[in-house]
Amino acid sequence: MTSPVRVIVAGAGCRGELHSSYASIHPERMKVVAVADPRKFARTKLQKQHNIPDENMFEDWQSMLERDKFADAVLICTPDQLHKEPAVAFAKEGYHILLEKPMATTAEDCVAIVEACIQSGVMLSVGHVLRYDPLIRKIKELIDAGAIGDIIHIQHLEPVGYYHFAHSFVRGNWRNEAESSFALLAKSCHDIDLIHHWVGDRRCVKVSSFGSVSHFQKKHKPTGASDRCLDCPIEEKCPYSARKIYLNSVKRGHTGWPVSVICPSSSPDVESVTEALRTGPYGRCVYECDNDVCSNQIVNMEFAGGVTAAFSMVAFTEELCRRKTTIYGSKGELSYDGNEIRVFDFLTQRSETQRAIQHTVVGKANRTFSMAGHAAADYHLIHAFISAVANNDPSLIRSGPEETLLSHLLVFEAERSRLEGRVVYCEDRKPS
Ligand SMILES: NC(=O)c1ccc[n+]([C@@H]2O[C@H](COP(=O)([O-])OP(=O)(O)OC[C@H]3O[C@@H](n4cnc5c(N)ncnc54)[C@H](O)[C@@H]3O)[C@@H](O)[C@H]2O)c1
């Protein structure tokens, strides 16, 4: 048996912990040998889960890098603004890299990361999890098999979810572009990447975009509302009340996301959540935050050969990130609702449906892990990366440097269109 792939983790937050959990499922395939995070709570949680020796615990990624190369790969799960420096530096040291999306917050930094990986001959996988979702992979297979003929038009919707948006993009880490990144990059780089992937080799020639911050602004604050939900006399009538989203949830025993991420230095319970809402960012009135990222944005794209695509991202939805897509082809129509794919054939006038298969993975000591939706995609992302490193086979990575760079550059061009109020004619974006 070959030895497990040794990984080090930069950023032990949500994503760092999630990717690391693969080592608990498959200890024979991956071992977490070091972790870096300035938050002691996050760092020690991972240390306990993976029995990491004290000498391999670091307060930041830079100190971890000072050590001579001591692992095969690094999982870079730091905040958006902290991707480029570690990615370039670890690439130069010869680490294979799983880099969370977005690759970086500027086009230049994305190019620099790809160049560093190519020059150092290391593998790069970007956290475009949806590419690993079995049903989404099926869509690509159906397109490539000619199930709907030539693609004519793609319509794709990302419903973010009203409380998810309030949590992440009004009160939370991705609310402010200067501190993280713009919404199309932070949230919808997945979607632009999928559209780009489905269209195939044709490059995007023109793009236009509109979008704005709606509703979550001071001018919409109801009369009589307080600056914090715990003191608000009209909180009961507010769908975005932090008391409802977090405190009532934890009182009902729910300690998973989003409750799990609001107490930076302890596990969530009624006491710690109350304290977080009293003093931290997640207790703020949604009309009194320093948010500036779009809550609704559309992107129209024209690809070579006249293929068109229309993308919408909207915060104000019941559904949470359950994408809806229709792909119109010359011979049929394919629709996807997050749970099933339906293909209607114009010639036979028949339709065929494929549903997501709920399955389990059998791991350590025959423990089974339920695999559905995002969980399945997350599992397949890290599984593919570890397999690629173990077998020295970059073809196992479905979100590698070149394609991911092209779709990221398209996101930057779409945002440029929105900011400049004009159609952007895309340059030839092939990486040099
Ligand atoms: N692929 C996806 O679907 C997906 C989903 C959510 C988030 N993300 C991305 O993953 C990244 C991490 O997101 P998250 O939700 O885990 O955030 P998080 O805030 O939970 O985790 C980030 C961690 O990085 C740590 N950190 C900060 N500075 C550091 C430094 N100098 N060295 C080491 N660690 C440092 C923080 O203390 C924190 O624990 C972000 O870029 C985010 O956009 C991707």
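Here are a few exercises on the structure above, each with a worked solution.

The model is predicted, so to read it: local features need pLDDT of at least 70, side-chain atom pairs count only at pLDDT 80 or more, and totals for chains, interfaces and linings use all residues. Residues are numbered from 1 along each chain as its sequence is written.

**Exercise 1.** Work out in what order the six strands of the open sheet lie, and which strands are at the edges.

*Solution.* Start with the terms: strands (E, at least two residues) and helices (H or I, at least four) are DSSP runs, numbered from the N terminus. Two strands pair if DSSP finds at least two bridges between them. On that basis, the six strands line up as 3-2-1-4-5-6, with parallel pairing. Strand 3 (57-58) and strand 6 (124-126) are the edges, each pairing on one side only. Now zoom in on one pair: strand 1 (residues 5-10) runs parallel to strand 4 (residues 73-76) over four bridges. There, Val7 has Ala73 of strand 4 as its bridge partner.

**Exercise 2.** Find the pairing partners of strand 8, and give the sense of each pairing.

*Solution.* Take strand 9 to begin with: strand 8 (residues 204-212) and strand 9 (residues 296-303) are antiparallel over eight bridges. Cys204 is bridged to Phe303 in strand 9. Then turn to strand 17 (residues 424-425), which is joined to strand 8 by two bridges, again antiparallel. Here Lys206 has Tyr425 as its bridge partner.

**Exercise 3.** Track down the cis peptide bonds at Pro102 and Pro258, and say where each proline sits.

*Solution.* Some background helps: most peptide bonds are trans. The bond from Lys101 to Pro102 is cis, with omega near -10°. Pro102 belongs to the loop between strand 5 (96-99) and helix 5 (107-120). Next, Trp257 and Pro258 are joined by a cis bond with omega of about 5°. Pro258 sits in the loop between helix 10 (242-251) and helix 11 (270-279).

**Exercise 4.** Cys321 and Asn392 have a positive phi; decide whether each is buried, partly exposed or exposed.

*Solution.* The yardstick is the count of other C-beta atoms (placed from the backbone) within 10 Å of a residue's own: 20 or more is buried, 12 or fewer exposed, anything in between partly exposed. Cys321, with phi of about 60°, is in the loop between strand 10 (308-314) and strand 11 (324-329). Its count is 16, so Cys321 is partly exposed. Asn392, with phi of about 50°, lies between helix 12 (373-391) and helix 13 (401-420). Its count is 9, so Asn392 is exposed.
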